[in-house]
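Me: I am new to this structure and should like to learn how to read its features. Could you guide me through them in turn?

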Amino acid sequence: MTSAPGPQDAAGSGPGDPAGPDARPAAESPAASTTEKPTVPPTMLQQMGGVAGVLDSALPVVVFVAVNSFAGLTWALWTAIGAGVLIAVVRLLRRKPVTQALGGLVAVGVAAFIAGRTGSAKDFFLLGIWTQLLYGGAFLLSILVRWPLIGVVWEALNGRGSGWRSDRLMRRRYTWATAVWVVLFLARFLVQRYLYDENSVGWLAAVRIAMGYPVFILGLLVSALIVLGPEVWHRPGGTWKERVAGVRQGLKGTPRPDRSPDA
């Protein structure tokens, strides 16, 4: 004989009752458990490996010049290579990305090989000097064929195809932004080539470091200001804080407003 349900059974047996067996605490709801934190894009300095990455790029050059000044070319070459290997090992042990360190090690190895073959300390910088001319030529060629590299890279990073080429305003901005890099690469080549011809090994090292990341960061900033345009970084009546915030938002890949092809 089945007993009648008690007050508690009647109150908690309904499938739609909040206190029933199908009820789920608010904290366990799918909406609450799948909440994702917004992804913060890495800063420019972080993408270059942070302060440590900037210092790592300069260390082999500084070591080479310092050792060459009192121990000669052979010791300078081996210590520069050793510095590159040490940087890669330290980053590996600290579980940091080693791609940049390995790339730098390969460049140091090639530069050391060239200098060792010629027997001249200044030839340690020869690869870097001519690389600047090749980079500048590639950027200039991209302008001449109407595919400015800054536009190609910028739009690819933001997940937008090649539709920007039908936008005359954006194509013009990308062309000027790419021209900035042509000038920077050409300036690096001319200055370092002059010091190379003058056999100024110490000044070659100093200029290579000074025109490395500092000039790279300056080029990125100028390019960003050109591409984003005055509507982002020069709003009438806006404070400097608001203008900087606008530039940072644009650098995060915020889709640019649609324009007609004839804009």
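Reply: The following turns take up the core, one helix and a salt bridge in this predicted model.

Me: Which residues of the largest nonpolar core touch the most other members?

Reply: The core holds 40 residues, and those with the most contacts to other members are Phe 64, Leu 77, Phe 124, Phe 125, Ile 150, Tyr 174 and Val 227. Helix α9 gives the largest share, eleven residues. Leu 77 serves as an example: leaving aside neighbours within four places in sequence, Leu 77 is in contact with Phe 64, Ala 112, Ala 115, Gly 116 and Phe 124.

Me: How does the span of α7 agree with its number of residues?

Reply: One counts 1.5 Å a residue, so the 19 residues of α7 should span 27 Å, and the end C-alpha atoms are indeed 27 Å apart. Just after this helix, Arg 146 takes a positive phi of about 65°.

Me: Against which helices do the buried residues of α7 pack?

Reply: They pack against α6, α8, α9 and α10. Among the buried residues of α7 are Leu 126, Ile 129 and Phe 139.

Me: How many salt bridges does the count come to, and which residue forms one with Asp 197?

Reply: A general idea helps here: an α-helix has 3.6 residues a turn, so residues three or four places apart point the same way. The count comes to one salt bridge. Asp 197 forms a salt bridge with Arg 193, with the closest N and O atoms 3.5 Å apart. These two residues lie four apart in helix α9, so about one helical turn separates them.

Me: Is Asp 197 buried or exposed?

Reply: Asp 197 counts as partly exposed because its relative accessibility is 45%. Arg 193 is also partly exposed, at 25%.

Key
Residues are numbered from 1 along each chain as its sequence is written. This is a predicted model: local features need pLDDT of at least 70, side-chain atom pairs count only at pLDDT 80 or more; totals for chains, interfaces and linings use all residues. Side-chain values use heavy atoms; hydrogens and water are left out. A nonpolar core is a set of buried Ala, Val, Leu, Ile, Met, Phe, Trp, Tyr and Cys residues joined through side-chain atoms within 4.5 Å. Buried means under 20% relative accessible area, exposed over 50%, partly exposed in between (1.4 Å probe, protein chains only). Contact means heavy atoms within 4.5 Å. The expected span of a helix is 1.5 Å times one less than its number of residues. A salt bridge is a side-chain nitrogen of Lys or Arg within 4 Å of a carboxyl oxygen of Asp or Glu.
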